[in-house]
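Open the model in your viewer and show it as a cartoon. Keep the selection panel at hand for this short tour.

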Amino acid sequence: MRFEDLSFAEKIHNLQKFHKSLNKNLFNGELSNVMMDIRNLKNADPCFAVFHPGAILFDLNFYDLMDSCATQKKQACCAAQIILHEMIHQYIHEKGLKDSSDHGTVFQREAEAHGLHSIYENECIKEERLTLIGCVAIENFRFTGKK
Ligand SMILES: [Zn+2]
């Protein structure tokens, strides 16, 4: 199904399903479950989601991103990549790793090790895409409803 055709509860359920699967396949199941929500984050940055300890929160602009995806597969891939990025923050937090900045050398190293090629310069994103292991981990991801 397309993301916009799901109920709000189904949207959240699907995002959590992606988190669970990524945790199993790319983090050896080491990460905790997190609460997820989509709400107005009132962010100055044009980012789609944030990690807070215990939660991954999506901004309302995530709806626009999903609308802009031509196919169901593209929607699932985009959502998975955003969740994976936040899971790298979660991993660094839960492992107690120290980084020079939010997306410093530790973030970029751990991202690469967990399926995400993520390059930042001076906290500005330069490049981000799934690596081969990231692509393999999400290739069957789709949003599914109750029907
Ligand atoms: Zn980030």
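In which sense do strands E2 and E3 pair, and over how many bridges? Select residues 49-52 for E2 and 55-58 for E3. The two strands pair in the antiparallel sense, over four bridges. Keep in mind that this is a predicted model.

Now go to the link between the strands. E2 and E3 form a hairpin with two residues between them. Pick Gly-54 in the turn: its phi is positive, about 90°.

Next, add residues 35-38, strand E1. E1 runs parallel to E3, and four bridges join them. Click on Leu-57 in E3. Its bridge partner in E1 is Asp-37. Val-50 of E2 also has Leu-57 as its bridge partner in E3.

Stay on E3 and show side chains. In a regular strand, side chains alternate between the two faces of the sheet. Ile-56 and Phe-58 make up the covered face of E3. Ala-55 and Leu-57 lie on the uncovered one.

Leave the strands and select two helices: H1, residues 8-26, and H3, residues 72-95. How do they meet? Their axes come within 10 Å and cross at roughly 60°. That angle falls between the cut-offs of 35 and 65 degrees, so H1 and H3 count as oblique to each other. The crossing is right-handed.

Finally, show the residues in contact. From H1, select Leu-15, Phe-18, His-19 and Leu-22. From H3, select Ala-79, Ala-80, Ile-83, Leu-84 and Met-87. Color them by class: the contact has eight nonpolar residues, one polar and no charged ones.

Note on methods. Residues are numbered from 1 along each chain as its sequence is written. This is a predicted model: local features need pLDDT of at least 70, side-chain atom pairs count only at pLDDT 80 or more; totals for chains, interfaces and linings use all residues. A residue is buried if 20 or more other C-beta atoms lie within 10 Å of its own, exposed if 12 or fewer, and partly exposed in between; C-beta atoms are placed from the backbone. Two strands pair if DSSP finds at least two bridges between them. Axes are lines fitted to C-alpha atoms, for helices over the stretch in contact, and angles run from 0 to 180 degrees between N-to-C directions. Angles under 35 degrees count as roughly parallel, over 145 as roughly antiparallel, 65 to 115 as roughly perpendicular and the rest as oblique. A crossing is left-handed if the near helix is turned anticlockwise from the far one by less than a right angle, and right-handed if clockwise. Two residues are in contact if their C-beta atoms, placed from the backbone, lie within 7 Å. Ala, Val, Leu, Ile, Met, Phe, Trp, Tyr, Cys and Pro count as nonpolar, Asp, Glu, Lys and Arg as charged, and the others, Gly among them, as polar.
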